[in-house]
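Q: Please give a close account of the salt bridges in the model below. The burial of the side chains involved and the elements around them should be part of the answer.

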Amino acid sequence: MSHCLADALAIVNQRIEAAMLQFQRSPNSVQLLAVTKGQSAATILQAWQLGQRQFGESYVQEALPKLEVLNAYPIVWHFIGPLQTNKLRWIAEHFAWVHSLDSLKHAQRLSAQRPAELPALNVCIQVNVSREPQKAGITEAEALELIPQIKKLPRLQLRGLMTLPAYTDDFEQQRQSFRQLAEFCKYLGTLGHALDTLSMGMTDDLEAAIAEGSTLVRVGTALFGQRN
Ligand SMILES: *Cc1c(COP(=O)(O)O)cnc(C)c1O
């Protein structure tokens, strides 16, 4: 294999550690989610054997065979892709987390379809901080209305917020988008909606996200190379 996963994983973990030190984040406050869309079950297994435990998938059709093959491993699966009504049952049955929640209808269905023998499904609301029309996610004002309704659903545990800001290679601009989400999260805390998860930062902007309080960076390319 030309691409060495062990080296890539070590480098990403070093980037996270360095950013945590630079921006005075407390130990263990940032976790790595390995994003494996476009990657095989064998690659996921290899990352597991290197110590990675949390994995993110974006498409049900693609994830289904991989989760089946890896059924015996206690992997923490996160669903980070667009939600489609007819795929929610399978997500509710197989994932520990959903990062891309953006409607009450989907929240109600996920709660109703979460199997009784599993713990509540951890969810993050996806906020479109950059207001890009082609991207999923809702505005802060919409999230503010949605949150009390999600908190009433018995089989969901509202954990936090997720964002995927407009691309820029400018560090200060990256920080600004992430700060917008972090400040909204703080504001929610003052309203009695304390949340412990900020899912933000990817291959190109994880340092900026960690600077602004990310607790979970979602990294694909830096671990597995360019997707086909
Ligand atoms: C693909 C994807 C990622 C990973 O992006 P990279 O730039 O490859 O690290 C993170 N979050 C979401 C929602 C994604 O779809």
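**Salt bridges and their surroundings**

A: In this predicted model, Glu140 is buried, with a relative accessible area of 12%. Its side chain meets that of Arg131 in a salt bridge, at 3.0 Å from N to O. Arg131, at 44% relative accessibility, counts as partly exposed, so this contact pairs a buried acid with a partly exposed base. Helix α6 covers residues 140–151 and includes Leu144. Leu144 is partly exposed at 31% and joins Tyr187 and Leu191 in a nonpolar surface patch of about 260 Å².

The search of the whole structure finds eight salt bridges. Another of them links Glu62 and Lys66, whose closest N and O atoms are 2.7 Å apart. The two residues are four positions apart in helix α3, and therefore about one helical turn separates them. Here the burial is reversed: the acid, Glu62, is partly exposed with a relative accessible area of 26%, whereas the base, Lys66, is buried at 6%.

This pair also belongs to a network of salt bridges that takes in Glu57. Glu57 lies in strand β2 (residues 54–57), both faces of which are covered. On one side Gln54 and Gly56 are buried, and on the other Phe55 and Glu57 are buried as well. In a regular strand, side chains alternate between the two faces of the sheet.

Strand β2 has parallel partners. Two bridges join it to β1 (residues 31–35), with Val35 of β1 partnered by Gly56. The chain passes from β1 through helix α2 (residues 41–49) to β2 in a right-handed β-α-β crossover. Four bridges pair β2 with β3 (residues 76–79), again in the parallel sense, and Phe55 has Trp77 as its bridge partner in β3. The connection from β2 to β3 runs through α3 (residues 60–69) and is likewise a right-handed β-α-β crossover. The helix that holds Glu62 and Lys66 is thus the one that the chain follows between β2 and β3.

A further salt bridge brings together the side chains of Arg159 and Asp196, at 3.0 Å from N to O. Arg159 is in strand β6 (residues 156–162) and Asp196 is in the loop between α7 (171–190) and β7 (197–199), so the contact ties together parts that are 37 residues apart in sequence. Arg159 is partly exposed at 22%, and Asp196 is also partly exposed, at 46%.

Terms used. Residues are numbered from 1 along each chain as its sequence is written. This is a predicted model: local features need pLDDT of at least 70, side-chain atom pairs count only at pLDDT 80 or more; totals for chains, interfaces and linings use all residues. Side-chain values use heavy atoms; hydrogens and water are left out. Patches are made of residues with over 30% relative accessible area and no salt bridge: like charges are joined within 9 Å, nonpolar side chains (Val, Leu, Ile, Met, Phe, Trp, Tyr) within 5 Å. Accessible areas come from the Shrake-Rupley method with a 1.4 Å probe; for residues, only the protein chains shown count as cover. A salt bridge is a side-chain nitrogen of Lys or Arg within 4 Å of a carboxyl oxygen of Asp or Glu. Buried means under 20% relative accessible area, exposed over 50%, partly exposed in between (1.4 Å probe, protein chains only). Two strands pair if DSSP finds at least two bridges between them. A crossover is right-handed if, with the strands pointing away from the viewer, the path from the first strand over the helix to the second runs clockwise.
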